[in-house]
Amino acid sequence: MTHTPHRVVVAGGGVAGLEALLALHALGGDRVELTLVSPTPDFVYRPLAVAEPFALGHQRRTPLSQAAQATGAAFVQAPLTAVDPAAKTVQLGDGQQLSYDALVLAMGAAAEPAYTTGNVFTWDDSSEVDAVGGLLRDLEEGYSQGLAIVIPPGPGWPLPAYELSLLIASDARGMGMDPEITLVTPERAPLAIFGPRAIEVVSADLERAGVKVELGAYAEIDEGPPRAIVMRPSNRRLEVSRILSLPRLRGRNPQGIPADSDGFVKVDPHGRVAGLPGVWAAGDGIDFPVKFGGLAAEQADAAAADIAADAGAVVERKPFRPVLRGRLLTSSGPRYMRYDAGGGDGEGEATTHTLWWPPGKINGRYLTPWLAALDEETVADHLPQSGGLAVQADLHREIIAS
């Protein structure tokens with residue numbers, strides 16, 4: 001029997017976009033006709049941005065044309081500016097109009113400063129290495145004695161704040177300095193989203209590093225003098241020399257796509273955008289409160305399975321079930337953490353050995369093996385078709401003390 005391929009437009013060249021593209025190719029095969037749209041030419045592996053100032057890793061760039069070639073997709077480098085759900089068309093910034101049967105919005109979120117004062121350095125994964133380097137030099141040379149690292153309230157991903165706290169503390173003390181570093185967070189416990197076991201391990205790491213933690217604290221900035229952080233609701237003041245903050249995030253919903261006041265799109269467990277047949281969304285741009293590449297990949301997988309089934313592929317429609325897998329960088333090596341936020345996983349896991357394979361900082365069922373294959377220069381010109389075995393997998397093993 002002949003069939004007309006299901007036209008799928010994937011908007012976004014980040015983790016969710018590439019995971020959706022690779023998953024659709026693997027699950028839908030020749031039942032889907034894929035187009036990848038992105039305003040940038042490359043996929044940037046951003047999780048190691050925090051490691052660059054400490055010479056522990058670096059970001060990598062992969063041309064999106066490689067992913068398009070591997071999946072048989074068309075690649076259009078242009079921003080997606082508007083969607084007409086009734087006509088099932090998208091408008092691109094270069095004037096093109098594309099028709100679709102299914103649209104996957106994976107456009108991510110925009111980072112903006114949580115504090116507008118010029119005395120607060122906002123760190124995100126696009127920050128220049130020299131910016132953190134300048135802060136390190138101030139601490140190492142004694143110009144700054146107190147540093148506050150702030151996690152603002154709202155949707156986001158707190159792990160980089162913990163990495164920066166631990167790595168900065170280790171770097172400064174390695175140079176013979178002893179600055180007072182305080183992590184200010186609205187969380188009820190350190191990295192509470194990873195469960196009780198991670199709380200225990202991360203708390204011990206912070207204590208060993210000499211990093212103080214202010215929990216349940218919503219920071220306000222008093223420019224002084226002296227410069228201070230006022231913590232709500234306790235009203236406690238913390239005088240500091242420097243302040244580093246994670247950003248506040250906003251969604252990038254295009255014209256024609258409804259969103260909340262912060263630009264985040266509401267979806268169901270399969271990634272379907274509420275009230276818009278034929279439109280799915282995944283990644284940092286949806287209204288799920290935790291923003292993380294691994295979760296973005298899981299959301300993209302749920303959407304891809306749903307779309308592939310619509311296209312006629314024999315695929316189970318599996319809803320998004322958040323399983324958090326995080327690799328925390330410390331000066332003594334990484335900590336691997338896993339927690340099933342959907343329940344049934346007990347206290348979770350936190351250990352120094354990898355809990356998944358390949359052991360990337362972001363793990364996607366299709367994206368991680370593909371990137372690992374590129375790293376090893378063994379990538380083939382095609383990806384596994386429907387029915388193949390996934391390479392990405394959790395590792396469960398017992399460590400027997402000798």
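Helices and strands here are DSSP runs, numbered from the N terminus. With that naming in hand, let's walk through this predicted model, starting at a loop.

The loop in question sits between β14 (211-214) and β15 (218-222), and G216 is found in it. Is G216 buried or exposed? Neither label quite fits: its relative accessibility is 30%, so G216 counts as partly exposed, given that buried means under 20% and exposed over 50%. Looking past its neighbours within four places in sequence, you'll find G216 in contact with T185, P186, E187, R232 and P233. As for D284, that residue is 68 residues away along the chain from G216, with 24 Å between their C-alpha atoms.

Now hop over to strand β1 (residues 6-11), where A11 is found. A11 has a relative accessible area of 2%, so it is buried, the cut-off being under 20%. Setting aside neighbours within four places in sequence, A11 is in contact with V37, L80, V104, L105, A106 and M107. To link back to the earlier region, take E214: the C-alpha atoms of A11 and E214 are separated by 39 Å, and the two are 203 residues apart along the chain.

What about the nonpolar interior? The largest nonpolar core has 90 residues, and those with the most contacts inside it include V8, W123 and W370. Zoom in on V8: not counting residues up to four places away in sequence, V8 touches L24, V32, E33, L34, T35, A102, V104 and I307. There's also a second, separate core, this one of 21 residues, with V76, A78, L103 and L105 among them.

Next, the empty space. The count comes to one cavity of 30 Å³ or more, and the largest cavity has a volume of about 80 Å³. Of the 13 residues lining the largest cavity, L105, M107, R252, V265 and G285 are the closest to its centre. Sort that lining by class and you get eight nonpolar, four polar and one charged residues.

Last stop: helix α2 (residues 64-71), in which L64, A67, A68, A70 and T71 are buried. Why do these buried residues line one face of the helix? Seen down the axis of α2, they fall within an arc of 165 degrees, so one face is where they end up. Their cover includes two helices, α1 (15-28) and α7 (367-375), along with the strands β2 (32-38), β3 (42-45), β4 (60-63) and β5 (74-77). Just after α2 comes G72, which takes a positive phi of about 70 degrees.

Note on methods. Residues are numbered from 1 along each chain as its sequence is written. This is a predicted model: local features need pLDDT of at least 70, side-chain atom pairs count only at pLDDT 80 or more; totals for chains, interfaces and linings use all residues. Side-chain values use heavy atoms; hydrogens and water are left out. A nonpolar core is a set of buried Ala, Val, Leu, Ile, Met, Phe, Trp, Tyr and Cys residues joined through side-chain atoms within 4.5 Å. Buried means under 20% relative accessible area, exposed over 50%, partly exposed in between (1.4 Å probe, protein chains only). Contact means heavy atoms within 4.5 Å. On a 1 Å grid over the protein atoms alone, a cavity is a set of points where a 1.4 Å probe fits but cannot get out, and a pocket is an open set with protein on both sides within 12 Å along at least five of seven lines; lining residues have an atom within 4 Å of a point. Grid points are joined across faces, edges and corners, and a volume is the space filled by probe spheres set on the points. Ala, Val, Leu, Ile, Met, Phe, Trp, Tyr, Cys and Pro count as nonpolar, Asp, Glu, Lys and Arg as charged, and the others, Gly among them, as polar. Helices (H or I, at least four residues) and strands (E, at least two) are DSSP runs, numbered from the N terminus. The arc is that of the directions from the helix axis to the C-beta atoms.
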